[in-house]
Amino acid sequence: MQKIAVCVSGGGTNLQAIIDAVNAGIVKDTQIAVVVSNKKDAYALERAKNAGIDSMCISPKDFPDREAFGRAMVEAFQKYEIDLVVLAGYLVIIPKILVQNYQNKIINIHPSLIPAHCGMGYYGLKVHESVLAAGNKVTGATVHFVDEEADHGPILLQKAVNVEEGDTPEILQKRVMEQAEWKILPEAINLIGQNKVEIRDGIAHIQK
């Protein structure tokens, strides 16, 4: 049984997609052991409570430095015997100590086709504003493993989504969530739980 921790900062729509996929048996042999947010008032914590999942707030603001914050995260994950950390709309740069302790065991969902529209400052609606400003006809979402750079690390899954005439950042955000994010994030968790993912030479390979 794969034990996962889901890290969230806001409403938790991706968390809900994971909960629903686990309950439906789409994600097999996986337990959401704990949900962690950096914000005490994140609605995602309410979603966890409603689903009977342990949850907690660990905020960098409550620690003297990033290393202490990172240690608290590591200790929480060790307590729950976490196999995989899932960043699902988590708007905090991961401390190095966490990446080092969970190498190739942290994945992130990003609402664009990396390497486009990603990196420092590209989050939430800012990503979709950038896509529209560039005149892109296609965007999408990416699940990738996390390393010490923002929105970097081996790409596991990507799904393309069309940009439509008249799209606003809000409309595009909703379409990318519904057509890409909520599908490929549960799929990635399932693939990892079924031991079908191997990272070789910095590239993620999916075994058939």
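Here are some questions and answers about the sheet and the largest pocket of this predicted model.

Q: What makes β3 and β7 the edge strands of the sheet?
A: The open sheet has seven strands in the order β3-β2-β1-β4-β5-β6-β7, with mixed pairing. Strands β3 (54-57) and β7 (155-162) each pair on one side only, and that makes them the edges. On average, neighbouring strands of this sheet are turned by 20° against each other, direction ignored.

Q: How do you know that β4 and β5 pair?
A: Two strands pair if DSSP finds at least two bridges between them. Strand β4 (residues 84-87) and β5 have three bridges, in the parallel sense, so they count as paired. Looking at single residues, Val85 stands opposite Ile106 in β5.

Q: Which strands does helix α3 lie across?
A: Helix α3 (residues 66-79) lies across β1 (2-8), β2 (30-37), β3 and β4, and runs at about 145° to β1.

Q: Why are residues such as Gly89 and Tyr90 said to line the largest pocket?
A: A lining residue has an atom within 4 Å of a pocket point. Gly89 and Tyr90 are among the 36 residues that line this pocket, so each has such an atom. Together with Leu91, Asn108 and Tyr123, they are the closest to its centre. The space in the pocket is about 750 Å³.

Q: Which elements each supply at least two residues of that lining, and what is its make-up by class?
A: Those elements are α1 (13-23), β5 (106-110) and α6 (169-193). By class, the lining has 16 nonpolar, 15 polar and five charged residues. Gly counts as polar here, so Gly89 belongs with the polar group.

Technical notes: Residues numbered from 1 in each chain as written. Predicted model: local features only at pLDDT ≥ 70, side-chain atom pairs only at ≥ 80, totals over all residues. Heavy atoms only, no water. 1 Å grid on protein atoms, 1.4 Å probe; cavity = no way out; pocket = protein on both sides within 12 Å on 5 of 7 lines; lining within 4 Å. Points joined across faces, edges and corners; volume = space filled by probe spheres on them. Helix = DSSP H or I, 4+ residues; strand = E, 2+ residues; numbered from the N terminus. Axes fitted to C-alpha atoms, helices over the stretch in contact; angles between N-to-C directions. Contact = heavy atoms within 4.5 Å.
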